[in-house]
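Here are some notes on the model you asked me to look over, set out as numbered points. Please read them with the sequence and the coordinates open beside you.

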Amino acid sequence: MISSRRRNEHPLLVKENTDKGNKRDNEAHLDPDDPSRVPIKRDGYGNKESDAKEPIVDLGIEEIEGIGPTTKAKLNDMGIMTLMDLAVKSPAEVADAMGSDLARASELCNKARSKLVEMKYFDEDFVPATEIYKKRKTIERISTGSHNLDDLLAGGLETQAVTEFYGEFGSGKTQICHTLCVMVQQSKSEGGLAGNVVYIDTENTFRPERIVEIAETRGYDPNVALEGVIVAKAFNSSHQELILAELGSQVRSSNVRLVVVDSAVAHYRAEFLGRGTLSERQQRLNRFMHSLVRTSEVFNVAVVATNQVQSSPDTFFGDPTKATGGHVVAHTSTYRIYVRKSGKNRVARMVDSPYHPEREAIFVLNERGIDDPPDEAQGSRGRATGV
Ligand code: GTP
Ligand code: MG
């Protein structure tokens, strides 16, 4: 692909031959011989210091009246260390952690929330639309690696949202996740957010070799790409939930801008078999998904969740053959994309988005991870097929 690529010259080797023809905005930082070179400092959102936002507060839960040492220890054991951790948890999770009733847990969650509202980290309960509009303006996007798919997503994968990719085996869900792992680490001018990724792997399908291949083919240093991916293998649904409980602190401490859960539903499907267990399964999955949504909003990160569907569709949000209704989890900032095979190509369809038009985009799987079909990748970029 990029034959004259200089590998291993610098830990942050950049693409020489960018197809966009743009210089990276931080290229000066990357040349080891550049006398003006300074390390790039990033805030908790992964932004460079120049465009940094207010850092997220790290006030401990002991700030809340009524949390004594015993309760604190129990919550800490569950990875709930700060006000923010507490505020993003559901009262049911907190009740489980404390071994208390739901009312007490709700009270604590509300207190954490109120405190954060007071400190202007959370919105008031009644918010003018202008405020919501302002918050939506802080949404950032990660390129998927395919211009067609980016177009379908109105510019790329959004932060502050959970995007679900669902489809049958081999449709490319895992490949999308791997490509995003590389893309999110690039600078903003290259479609990334200069941030790291947490990859929650429930099916043992994460392959570092694939990250290496995608990074190399795209002209990025594979070692840097690997360093930016933090992998958490979830062995069962409870472990998956435990990982999620600790996600907040990981996101804060490691400049994480993307969280991948591949697959979000596999353990639940395997563990809760039969009609009798369906409601518990849905309840647990609901809780898990809500927690992901809150994490995405609070930390301004993008979340990708995959879900395999077979002949009997089983998505988080209802029957994928129906565009509306039957939602198990309803949230306005969540997008669903149905991926299917079509000969050698793959087709992605936006389903049920509050504002994206329902249409399809064609992409392929190759050494770049996911990519535009060869005829389109050359010249006119970014066409999605309207339906
Ligand atoms: P399930 O997890 O089984 O539901 O499938 P999935 O949707 O995650 O499928 P996945 O993303 O794993 O896609 C599998 C397809 O990707 C394979 O059939 C290959 O066509 C392609 N693929 C996987 N690995 C590679 C690779 O290393 N190179 C290339 N060129 N293609 C690959
Ligand atoms: Mg997969």
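1. In this predicted model, helix α11 (residues 237-245) and helix α14 (residues 278-298) have axes that cross at roughly 20 degrees, and because angles under 35 degrees count as roughly parallel, α11 and α14 are described as roughly parallel to each other. Their axes come within 11 Å, and the crossing in which α11 passes α14 is left-handed.

2. As to the side of α11 that takes part, S237, S238, Q240, E241 and L244 are the residues that meet α14, where R284, F288, S291 and L292 are their counterparts. Sorted by class, the contact of α11 with α14 comprises 3 nonpolar, 4 polar and 2 charged residues.

3. The second helix pair to look at is that of α2 (residues 69-77) and α4 (residues 91-98), whose axes come within 8 Å and cross at roughly 115 degrees. Since the range from 65 to 115 degrees counts as roughly perpendicular, α2 and α4 are placed in that class, although I would note that the stated angle of roughly 115 degrees coincides with the upper limit of the range. The crossing of α2 and α4 is right-handed.

4. Which residues of α2 and α4 meet? On the α2 side they are T71, K74 and L75, and on the α4 side V94, A97 and M98. This contact of α2 with α4 divides into 4 nonpolar residues, 1 polar residue and 1 charged residue.

5. N148 deserves a separate point, and it may be found on the display in helix α7, which spans residues 147-152. Is N148 buried or exposed? Its relative accessible area is 1%, and because buried means under 20% relative accessible area, N148 is classed as buried. Along the chain N148 and D371 are 223 residues apart, yet a distance of 8.4 Å separates their C-alpha atoms.

6. Turning to the chain as a whole, the secondary structure comes to 15 helices and 11 strands, and 50% of the 387 residues count as buried. Among contacts in the protein chain with a separation of 6 or more, 64% are accounted for by residues 24 or more positions apart; the pair N148 and D371, at 223 residues apart, shows two such distant positions in the sequence being brought to a C-alpha separation of 8.4 Å.

7. Lastly, on the surface, the protein chain exposes about 17700 Å², of which carbon and sulfur atoms supply 51%.

How values were computed: Residues are numbered from 1 along each chain as its sequence is written. Chains are lettered from A and ligands numbered from 1 in the order in which they are written. This is a predicted model: local features need pLDDT of at least 70, side-chain atom pairs count only at pLDDT 80 or more; totals for chains, interfaces and linings use all residues. Side-chain values use heavy atoms; hydrogens and water are left out. Axes are lines fitted to C-alpha atoms, for helices over the stretch in contact, and angles run from 0 to 180 degrees between N-to-C directions. Helices (H or I, at least four residues) and strands (E, at least two) are DSSP runs, numbered from the N terminus. Angles under 35 degrees count as roughly parallel, over 145 as roughly antiparallel, 65 to 115 as roughly perpendicular and the rest as oblique. A crossing is left-handed if the near helix is turned anticlockwise from the far one by less than a right angle, and right-handed if clockwise. Contact means heavy atoms within 4.5 Å. Ala, Val, Leu, Ile, Met, Phe, Trp, Tyr, Cys and Pro count as nonpolar, Asp, Glu, Lys and Arg as charged, and the others, Gly among them, as polar. Buried means under 20% relative accessible area, exposed over 50%, partly exposed in between (1.4 Å probe, protein chains only). Accessible areas come from the Shrake-Rupley method with a 1.4 Å probe; for residues, only the protein chains shown count as cover.
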